[in-house]
Amino acid sequence: MISDFDRFAMQRALTLAARGLETTDPNPRVGCVIAQDGRIVGEGWHERAGEAHAEIAALRAAGSRAAGASVYVTLEPCSHYGRTPPCVDALTEAQVARVVYAAPDPNPLVNGRGAAALRAAGIVVEGGLFEQEATELNAGFVRRMQYGRPLIRVKLAMSLDGRTALANGESRWITGEEARRDVHQWRARSSAVLTGIGTVLADDPRLDVRLPQAAGSAPRRQPLRVVLDTQLRTPPQARLFGGGEVLILAALSGADDARAAALTARGAHVESLPATADRLDLPAVLDRLGELELNEVLVEAGATLAGEFLRQSLADELLLYIGPRLLGPTARALVDLPALPGLAQAPSFTLFEMQQIGEDLRLRLRPRGAGQG
């Protein structure tokens, strides 16, 4: 039976898990609390792939006090050898009495096997406490495990009348400094930031994370920069190459060898994918990003590419910033979509979060009836 203390301990474990928001890729964000008689005796969280899982960190902190204790962990303990040994074995050896987990591990190598192994060892196991919160924290990891593709989050910024730039292309800045700083927080938690060649040529973006760091802290992990560039037009002098990894996806032919070599010399990794009508096949792009173990991809692109993600039902979430200004009817539209025969065919969304950021508004929306493939 779940008690008030169980809820308190799991909420603490979720808080610990969130400390790994920017660092755990490609692993999930997991926190763990160990308690004896209503007192926390150990806690930990997973910080980086290859380092101790949350349960191991908490067991080290608890020491001998783990024997007979209750363990609260935000994800079902793993039961397989990956970069580290199974957490199930460590929990069993520590002789814990009870394990409460929030969400099942969607990894096919676990997915119920961890809980079953603990029960087989005589440990009381209960699951589902704050499952929704734990799943939301790892929405990208869950999606990749289930469908082989990362979660696609499309970032857009618009005026009150739904415009992104003046007719001449001027767009700096529709939103304020606080909103732009918030975008960097979303970049920091993302596995990759993806854009199209049109944005690279028009804006020469850096797409990196530029946030203050505490003195003496380790260098911040930079997301992979991914450019969809069918004809390999990315300039070797582009600011994308200012630090961090760059992946350029193109439809390569023998004539592109020299351009590919020039970009490779700048540190880019260039790959070829199928294309149709001078556009890369977006499902193939997402499949490749899943193979690269990317959990969350932030799309920062122009109206054409953003619209294509929406048209093909490949966007899992919209991150929409609204600035309090009007640009008028000749300004550029938010996304390019084909003409609709009626309102019934219009893409529709569910608003699940709204927050004021400085003078701007940030909405998070998910498509209604979006495909899962």
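F5, F8 and Y72 come together as one aromatic cluster, and this is a good place to start exploring what is a predicted model. The structure holds two aromatic pairs. In one of them, the rings of F5 and F8 have their centres 5.8 Å apart, and because their planes meet at 45°, the pair is classed as tilted. To find these two residues, look along helix α1, which covers residues 4-17: F5 and F8 are three residues apart there, so about one helical turn separates them. F5 counts as partly exposed because its relative accessibility is 24%. F8 also counts as partly exposed, with a relative accessibility of 45%.

From F5, you can step across to Y72. F5 and Y72 form an aromatic pair of the edge-to-face kind, with 6.2 Å from centre to centre and 75° between the planes. Since F5 belongs to helix α1 and Y72 to strand β3 (residues 70-75), this pair ties together parts that are 67 residues apart in sequence. Is Y72 buried or exposed? At 2% relative accessibility, Y72 counts as buried, because the cut-off for that word is under 20%.

Rings in this model also meet charged side chains. The charged end of R19 sits over the ring of W45, at 4.6 Å from the ring's centre. A similar arrangement is found at F352, where the charged end of R366 sits over the ring, 4.0 Å from its centre.

Now let us turn to charges that meet other charges. Side chains of opposite charge can pair when their charged atoms come close. How many salt bridges does the structure hold? There are 29 salt bridges, and a few of them make a friendly tour.

Begin in helix α7, residues 177-189, where R181 and E177 both lie, four residues apart, or about one turn of the helix. R181 forms a salt bridge with E177, and their closest N and O atoms are 3.1 Å apart. R181 counts as partly exposed because its relative accessibility is 39%, whereas E177, at 52%, counts as exposed.

Staying with helix α7, look next for R187. E300 forms a salt bridge with R187, with 2.8 Å between the closest N and O atoms. This pair links distant parts of the chain: R187 is in helix α7, while E300 is in the loop between β14 (296-299) and α11 (303-311), 113 residues apart. Both E300 and R187 are buried.

Another stop is the salt bridge of D208 with R210, whose closest N and O atoms are 2.3 Å apart. Which partner is buried, and which is partly exposed? D208 counts as buried because its relative accessibility is 9%, and R210, at 42%, counts as partly exposed.

Finally, salt bridges can join up into something wider. R29, E136, R153, D182, R189, E296, E317, E353, R362, R364 and R366 are linked in a network of salt bridges. One of these names should be familiar: R366 belongs to this network, and the charged end of R366 also sits over the ring of F352.

Key: Residues numbered from 1 in each chain as written. Predicted model: local features only at pLDDT ≥ 70, side-chain atom pairs only at ≥ 80, totals over all residues. Heavy atoms only, no water. Salt bridge = Lys/Arg side-chain N within 4 Å of Asp/Glu carboxyl O. Buried < 20%, exposed > 50% of the residue type's maximum accessible area, 1.4 Å probe, protein only. Phe/Tyr/Trp six-rings, centres within 6.5 Å; stacked < 30°, edge-to-face > 60°. Lys NZ or Arg CZ within 6 Å of the ring centre and 35° of its normal.
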